[in-house]
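Subject: Structure for you to look at

Hi,

Here is the structure I promised to pass on. Please open it alongside this email, and my notes follow below.

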Amino acid sequence: MTAEEIRLKRSKRRRVIIIAIAIVVVLVTGFFTARPALNAVKAWQARRHAAKAFAYIDNANWLGARKEASAAYQLRPTEPQSVRAIARFLSRTRQPDALEFWQQLEKLTPLTREDRQDEAAIAIVSGETSRAEIAVQALLESKGADPAGWLLAAQLAIQKGAADDAMSALGKVFNDTNATEQQQLQAALLELALASGSEAIDARATDAWSRIEKISRGKSAAALDALVLLARRALSGQKSASGSASSSEEPTARREEPTARREASGQPPARRGLHPGGMLVVDLQHALEAHPLAKALQKLIALDLVEHVDTSRRDELIAQGIAQLKNGDANDLFALATWLNSKKEFEKTVEAIPLEKALLGRELFLQYLDALGGLERWGEIKQLLEGDRYPLDPVVQGMYLARCSAQLGEKAAAENNWQRALEAAAGDPGKLITLGDYAEKNGIVDVAQSAFDNAAIQSPKLRLAQQGRLRLARRSGDAKKIHAVLADMLKIWPNDDAVQNDEGYTRLLLMSEQQASRRSAISDQRSDSEEPITDNPPSQGYGVASQELITLSALAEKLVERNPRSLPHRTFLALARLKQNRAADALSVYENITVARGALTPSALAVHAAVLAVNGKTEEAKSEVEQIKIDNLLPEERALVEQLTKTNH
């Protein structure tokens with residue numbers, strides 16, 4: 001080879017080597033950078049889905065929010081915005097699982113103020129007091145604690161039974177010039193909650209209703225909410241801020257005052273249903289009608305106020321409501337259908353909203369089906385459900401078909417449809433709760449039990465599931481079943497006053513004299529040198545000395561100290577002292593408390609009657625026994641009354 005050929009060959013070889021090296025470098029670089037690049041793309045996509053989820057959450061589009069938040073989390077579960085989207089969605093839809101995601105997010109990035117607010121809110125709803133305390137404390141200790149934080153602090157204090165702490169937090173909201181009208185309204189509602197349980201409208205209730213009335217004079221959305229609250233109070237006959245009753249609770253003498261005397265005093269008929277010192281019913285009606293944000297719901301409530309004052313105008317007002325809304329959009333028609341159905345005007349619902357219009361929306365269609373059910377047109381409902389004119393969720397379709405089949409006498413078909421609904425709801429606590437509620441309402445206890453039990457298994461901290469289980473246990477009338485559910489709930493919410501109270505009360509009922517005596521730390525045959533538990537004389541065999549009983553009595557005392565207005569807590573304490581043979585102390589439990597008639601449950605009456613009897617107040621005890629429907633008592637509570645009855649005879 002010539003020198004030139006050798007040179008060219010070497011040059012070509014060098015080019016090949018350089019190209020090969022370049023390829024190797026590219027491959028190695030790609031190997032080490034491809035995954036980070038892919039992760040970066042996934043992170044960007046996840047943030048995009050999360051942003052959409054936040055927008056849907058702000059607009060209360062829960063289906064869209066769930067879809068986008070799930071997509072974000074599936075793409076990149078370590079992306080903070082993905083975790084935040086899931087946590088926020090679960091919090092706003094009140095699902096206890098949110099707490100796990102807030103904990104996960106805190107490990108990835110510091111939580112924002114909005115994060116802490118959502119975390120605190122769901123922790124309070126879920127009864128997770130310790131988690132709620134941490135979140136609320138973080139909000140209050142941060143720079144510029146705001147009204148939202150103080151509202152959460154008040155809610156937590158109420159849950160813990162610390163009324164003074166709650167009022168202190170609410171005072172911060174009331175005195176904060178930066179608090180929005182909505183926050184002021186929330187604070188007033190919490191103040192009302194603190195005033196509940198007493199027949200007398202005390203200073204807190206008076207102050208709360210005064211604040212609500214003040215807010216209602218505006219033109220904002222909060223003002224409209226306040227007007228609705230005032231209207232519902234007037235319609236339910238509750239007392240006004242000044243303590244005067246609405247027209248439905250006025251004394252008979254005043255209600256029957258001659259028309260001539262009212263007219264002589266210058267009081268027009270339209271102002272008969274009023275709240276002295278507060279807003280007149282007619283003023284509430286006009287304010288609702290004139291509010292710039294008022295929609296169908298508020299206008300219908302205004303018509304209800306007119307009917308409340310003059311019931312003779314019912315038919316006229318129903319016709320007026322139909323005329324106003326029958327040509328409206330799906331939202332207007334839904335409000336109209338709900339209103340008419342609530343008045344049992346099912347025929348008018350079907351006439352005003354034909355099927356073609358009922359198909360405009362899911363909720364409207366369901367109201368249409370309810371109207372047909374009210375008219376007992378079950379065959380027509382079944383035909384609509386089995387058709388494809390408006391496809392429903394399989395759970396809803398199954399439970400509606402089950403009811404139709406039952407009404408048509410098709411027992412096997414009804415059972416099959418309930419089973420299909422259960423299968424369709426499996427794995428979804430929300431759908432299981434919906435199914436359980438509907439089955440319970442229709443008396444299908446076994447289906448309701450399965451639905452609530454499965455929901456509790458899927459999400460143990462879901463209050464609705466546990467409360468459903470508790471309702472069914474109470475429905476059975478079996479104290480042991482009731483206590484088993486309450487014991488499960490106490491493990492989940494050990495610091496919940498209501499759960500502690502109900503579990504302790506039920507445990508007391510189940511504690512028979514013989515069982516308690518076997519567990520007694522103090523023998524009935526104790527020597528003269530031993531101190532008696534109480535100086536009260538034995539009465540009717542109620543005396544039981546037991547360490548467990550002493551513990552329960554101490555718990556009851558703490559609960560009453562934290563919740564002095566609560567009759568259930570006082571009933572628990574009274575029963576504990578009754579079983580300890582502390583008759584006088586049991587009676588003293590009822591001192592300094594005024595209870596609304598609606599709060600007098602059969603259980604409370606039974607225990608109070610037993611306490612009266614052992615204190616020699618026989619006639620009063622008999623009077624209370626006459627008010628009790630024996631069938632509404634548990635067997636253990638019935639025994640108290642039966643023993644009392646035998647003693648009195």
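What volume does the largest pocket have? About 1800 Å³. Keep in mind that this is a predicted model.

**The pocket**

The lining of the largest pocket counts 46 residues. Leu 90, Ser 91, Arg 92, Thr 93 and Arg 94 are the ones closest to its centre. Which helix gives the most to this lining? Helix α5, residues 113-126, with seven residues.

**Salt bridges**

There are 37 salt bridges in the structure. One of them joins the side chains of Asp 115 and Arg 88. The N to O distance in this pair is 3.2 Å. It ties together distant parts of the chain. Asp 115 sits in helix α5, while Arg 88 belongs to helix α3, residues 80-92. The two are 27 residues apart.

**The cavity**

How many cavities of 30 Å³ or more does a search of the whole structure find? One. The largest cavity holds about 50 Å³ of space. Its lining is made by Leu 369, Asp 370, Gly 373, Trp 378, Ile 381, Tyr 400, Arg 403, Cys 404 and Tyr 438. Three helices each supply at least two residues of that lining: α20 (362-374), α21 (378-386) and α22 (394-407).

**The surface**

Two patches are worth finding on your screen. The first is a patch of positive charge. Lys 9, Arg 10, Lys 12, Arg 13, Arg 14 and Arg 15 gather there on the surface. Of these, Arg 14 lies in helix α1, which runs over residues 3-58.

The second patch is nonpolar and covers about 260 Å² of surface. Ile 17, Ile 21 and Val 25 make it up. Ile 21 is found in helix α1.

To find your way around, start at Asp 115 in helix α5. From there, go to the residues that line the cavity, including Trp 378 and Tyr 438. Finish at the surface patches, with Arg 14 in the positive one and Ile 21 in the nonpolar one.

Best wishes

Terms used
Residues are numbered from 1 along each chain as its sequence is written. This is a predicted model: local features need pLDDT of at least 70, side-chain atom pairs count only at pLDDT 80 or more; totals for chains, interfaces and linings use all residues. Side-chain values use heavy atoms; hydrogens and water are left out. Patches are made of residues with over 30% relative accessible area and no salt bridge: like charges are joined within 9 Å, nonpolar side chains (Val, Leu, Ile, Met, Phe, Trp, Tyr) within 5 Å. Accessible areas come from the Shrake-Rupley method with a 1.4 Å probe; for residues, only the protein chains shown count as cover. A salt bridge is a side-chain nitrogen of Lys or Arg within 4 Å of a carboxyl oxygen of Asp or Glu. Lys and Arg count as positive and Asp and Glu as negative; His and the chain ends are not counted. The place of a charge is taken as NZ of Lys, CZ of Arg, CG of Asp or CD of Glu. Helices (H or I, at least four residues) and strands (E, at least two) are DSSP runs, numbered from the N terminus. On a 1 Å grid over the protein atoms alone, a cavity is a set of points where a 1.4 Å probe fits but cannot get out, and a pocket is an open set with protein on both sides within 12 Å along at least five of seven lines; lining residues have an atom within 4 Å of a point. Grid points are joined across faces, edges and corners, and a volume is the space filled by probe spheres set on the points.
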